[in-house]
Protein chains: 2
Amino acid sequence: MPELLTAIVDDHPIVIEGLKTLLANEENLRIVSGFCKGEELLSYIENNKLDLVLLDITLPDINGIELCQRIKQLSLSTSILILSNHTERSIIMQAIQNGASGYLLKNSSIDELRHCISEAVKGNICYSKEVMEIISRPSKNELQGVPRLTRREKEILVLIAAGKTSQMIAQELFLSPLTVDTHRKNLIQKFGVKNVAELIMEASRQQQL
Amino acid sequence: MPELLTAIVDDHPIVIEGLKTLLANEENLRIVSGFCKGEELLSYIENNKLDLVLLDITLPDINGIELCQRIKQLSLSTSILILSNHTERSIIMQAIQNGASGYLLKNSSIDELRHCISEAVKGNICYSKEVMEIISRPSKNELQGVPRLTRREKEILVLIAAGKTSQMIAQELFLSPLTVDTHRKNLIQKFGVKNVAELIMEASRQQQL
DNA sequence: TTTTCTATACTGATTTTTAGGTATTTTAAT
DNA sequence: ATTAAAATACCTAAAAATCAGTATAGAAAA
């Protein structure tokens, strides 16, 4: 059995080095490279074979979830294992949807990491214990999923979060304050919340801010 | 020169292991232990000598900043180096105020880490390059620093963030709605914001939520 | 081309928040 | 024992947000 050619993508050099040394003793694994940026991995993949990628969600250039998709476009045979701090159910699901074979939190144990790697390369989908729990019990807030906001709504959301009133926003965007009120109302409705306080809370929790 | 007895505190086992192996070759360093929880370190320190602690801000039990203080209370001779992802100027300053000898971001290079360790144990304060920049240009929002909230204020802040109105909060806490309004007013004033939207935004940005 | 979605704007009524104070009682610290 | 801080409560009035609707023009998708 040949060694699995593996790359690590994480914006923390310390984590990359850590993973490298941690996995150095694995028989069937060969860490060929570590990257801080997503683009670096993509250009590597264009010229080299890769069996496995350990991938972070938060990267300086591209989002890890989009990166999943692009890796799979370039090389369908490459397995992807997400190693992230994000505990949002929606993010986990999106990652899997985009081709990841597993999802681990960074605070998972070394054994879990080893186990998930071996499952991933076998072609199975594998989660760490904590992630499994997150997937299994969707919290009330997450039941209706992440609301898709229109461009205008996003724009107004950030202005609300900046403490601006409907009048101020209206002036800034050359709109009627009544229109801004409508968008505000729609935002509150889309997020399923009662008022701006909860709106901002939810939006920032969901990384929409 | 004797070896520096060093401990690592981080909620990510992978980071702990990574740092351990990364620093294994350092001549003057001896990693004696790694902990995921703050309390574990504190009880260790009560019985053992430690020269250096590499410390994360986000921990499952105690806040890293408070932990700084408590480490210094137990053992003034122990140097603390913060290794965190938080780029908030206020958090960095608080850490230093509470006795840390340096602050590194997790995405800093291995060389920076080595350099800061050597400076810290010499008794100097040392920051990674990026952190240095953050310290040097205080953003507008951060000029007045993190407001210290009272217990009641914190309590009411989370209820506001949950979308509750003053009346609802008053009922829940067996207070007059007018009292809740006063606390609300004080929160807005302490944070230097215009309304709850901005309040929740700031509070969540500052990890006070 | 018809339908759906987005962005726009309005009415009217009600609730909530915000801004400007003041003031008393607990609780904690010196 | 004194002082300072925190928690409590109130007043008045204006500003803003929320609820519950309706409606229309333009863009995008079916």
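Which residues are the closest of those that surround DNA strand C? The legends below take up this point and others in a predicted model, in which local features need pLDDT of at least 70, side-chain atom pairs count only at pLDDT 80 or more, and totals for chains, interfaces and linings use all residues. Residues are numbered from 1 along each chain as its sequence is written, chains are lettered from A and ligands numbered from 1 in the order in which they are written, and side-chain values use heavy atoms, with hydrogens and water left out.

**View 1. The protein surface near DNA strand C.** DNA strand C is surrounded by 19 residues, of which A:Thr150, A:Arg152, A:Ser176, A:Thr179 and B:Lys185 are the closest; a residue is near a strand if one of its heavy atoms lies within 4 Å of it. Of the atoms of DNA strand C that come within 4 Å of the protein, 65% are accounted for by sugar and phosphate. By class, this surface near DNA strand C holds four nonpolar, nine polar and six charged residues, where Ala, Val, Leu, Ile, Met, Phe, Trp, Tyr, Cys and Pro count as nonpolar, Asp, Glu, Lys and Arg as charged, and the others, Gly among them, as polar.

**View 2. Polar contacts to phosphate oxygens of DNA strand C.** A polar contact here is a pair of N or O atoms within 3.5 Å. An N or O atom in the side chain of A:His183 is 3.1 Å from a phosphate oxygen of DNA strand C, and one in the side chain of B:Gln167 is 3.2 Å from a phosphate oxygen of that strand. From B:Val196, a backbone N or O atom lies 2.9 Å from a phosphate oxygen of DNA strand C. Two or more residues of the surface near this strand come from each of helix H7 (151–161) and helix H9 (177–191) of chain A, and from each of helix H8 (166–173) and helix H9 (177–191) of chain B; helices are DSSP runs (H or I, at least four residues) and strands likewise (E, at least two), numbered from the N terminus.

**View 3. The protein surface near DNA strand D.** Around DNA strand D there are 18 residues, the closest being A:Val196, B:Thr150, B:Arg152, B:Ser176 and B:Thr179. Sugar or phosphate supplies 68% of the atoms of DNA strand D within 4 Å of the protein, and bases supply the rest. A polar side-chain atom of B:Arg152 lies 2.6 Å from a phosphate oxygen of DNA strand D, while for B:His183 an N or O atom in the side chain is 3.1 Å from a phosphate oxygen. Chain A contributes a polar backbone atom of A:Ser166, 3.0 Å from a phosphate oxygen of DNA strand D.

**View 4. The relation between chain A and chain B.** Chain A is superposed on chain B by a rotation of 179° with 0.1 Å of shift along its axis (RMSD 1.4 Å), the fit being by least squares on the C-alpha atoms of residues with pLDDT of at least 70 in both. This is the relation of a two-fold axis. Within chain A, the residue that comes closest to the rotation axis is A:Gly18, at 1.4 Å (C-alpha).

Conventions. A polar contact is a pair of N or O atoms within 3.5 Å; within protein, one must be able to donate a hydrogen and the other to accept it, and residues adjacent in sequence count only if both atoms are side-chain atoms.
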